[in-house]
Protein chains: 2
Amino acid sequence: MKDIRLKLVNLFKQGFCVPQIARIAKKIKEPSTTLHYNIKRMEKEGVIKAYKAVFDYKKIGQGHCTYLLINLSGEDYGNPEKIAKELAKDESVESVDICTGDYELLVKLRTKDIDEYYEWVKNNVQKFKFAKSTSITSLKQVKTEFVEM
Amino acid sequence: MKDIRLKLVNLFKQGFCVPQIARIAKKIKEPSTTLHYNIKRMEKEGVIKAYKAVFDYKKIGQGHCTYLLINLSGEDYGNPEKIAKELAKDESVESVDICTGDYELLVKLRTKDIDEYYEWVKNNVQKFKFAKSTSITSLKQVKTEFVEM
DNA sequence: GTATATTTTCGAAGATTATTCGATTATTTA
DNA sequence: TAAATAATCGAATAATCTTCGAAAATATAC
């Protein structure tokens, strides 16, 4: 992929988009200034966190999607938030949840292929000393981020 | 939540946003017409599927987040796509994956609370005749849709 | 129940941005 | 090497967002 498109993809992953007020105004038949007011309100109140793009991840070299269930070890077991926040900074990581059940963390990972996935797991098991981890690989993504594929 | 904001939230969940070309142009120091050309290209090629908003889901009455691992029964077992696509239409469903391992489907569900979650599971186990299902509830969402919370 | 304060609506005008167009340059294909 | 295609980009237009102020609706206090 071209350098410029790669930059765009990375910017659009977390933001650099805006609401399309005029189109909504036509659709729901409300004045655009009223919509503008309400949208700004929701942004200020933190209801809306970001405007972003959803991709065909295969086409941006992130076609391999895996859900990782993780057990933490030692002192991290009782304090999963620290590791969760560090994992969240990783740009291959789509989501991190602290959760109930047999595992403390659920990480959704997007990599190019199984090789890149293997490298990621190898590096992070070592780095964060995961006690145990199970992975569920997506064979087909039917819906992602509320968008049907 | 007010009627108008509810409408906005529902529209922003799947689209009704656009890229912010001028801001990107300044940031990466490229002419906005070049960016425009490349973005339109990516849209046509299906690289970009949608522009949408990410919410603080607690604040839009969808604070309860659960991952559901599902076993299908009978004829559906060999053909999970049909059910996956039907589940994808459900507006409480953020994602649906057909996956490897002990379960055929992985569904990410966002509901108001545990009561609404219970109703959803009850209705859908019956409707789709799930053979078995396990759920992992998110206690804290540290990152969602590539956006840190 | 009424007065006051606050929030929300919304049209008009200005500021900003997206989009089209055409020419140039770069890249690919034959 | 030539021709075809794809990509860049400045200028101008079209469309959009944003601000402003006034009015209406709603909430709060007395």
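The following paragraphs go through the domains of chain A, the surfaces near the two DNA strands, and the enclosed space in the protein.

This is a predicted model, in which local features need pLDDT of at least 70 and side-chain atom pairs count only at pLDDT 80 or more, while totals for chains, interfaces and linings use all residues. Residues are numbered from 1 along each chain as its sequence is written, chains are lettered from A and ligands numbered from 1 in the order in which they are written, and side-chain values use heavy atoms, with hydrogens and water left out.

Chain A is divided into domain 1 (3–44) and domain 2 (58–138), with bounds that come from an automatic or database domain assignment. The C-alpha centres of these two domains of chain A lie 31 Å apart.

Around DNA strand D there are 16 residues, the closest being I21(A), A22(A), Y37(B), N38(B) and R41(B); a residue is near a strand if one of its heavy atoms lies within 4 Å of it. Of the atoms of DNA strand D that come within 4 Å of the protein, 75% belong to sugar and phosphate. An N or O atom in the side chain of R41(B) is 2.6 Å from a phosphate oxygen of this strand D, and a polar side-chain atom of H36(A) lies 3.4 Å from a phosphate oxygen of DNA strand D. Helix 3 of chain B gives the largest share of the surface near DNA strand D, 5 residues, where helices are DSSP runs (H or I, at least four residues) and strands likewise (E, at least two), numbered from the N terminus.

DNA strand C is also surrounded by 16 residues, and the closest are Y37(A), N38(A), R41(A), I21(B) and A22(B). Sugar and phosphate make up 72% of the atoms of DNA strand C that come within 4 Å of the protein. A phosphate oxygen of DNA strand C is 2.6 Å from an N or O atom in the side chain of N38(A), and another side chain, that of Y37(A), has a polar atom 2.9 Å from a phosphate oxygen of DNA strand C. Here the largest share of the surface, 5 residues, comes from helix 3 of chain A.A search of the whole structure finds 1 cavity of 30 Å³ or more, a cavity being a set of points, on a 1 Å grid over the protein atoms alone, where a 1.4 Å probe fits but cannot get out. Among the residues lining the largest cavity are L69(A), L106(A), L69(B) and L106(B), lining residues having an atom within 4 Å of a point.

Conventions:
Polar contact = N/O pair within 3.5 Å; in protein donor to acceptor, adjacent residues only side chain to side chain. 1 Å grid on protein atoms, 1.4 Å probe; cavity = no way out; pocket = protein on both sides within 12 Å on 5 of 7 lines; lining within 4 Å. Points joined across faces, edges and corners; volume = space filled by probe spheres on them.
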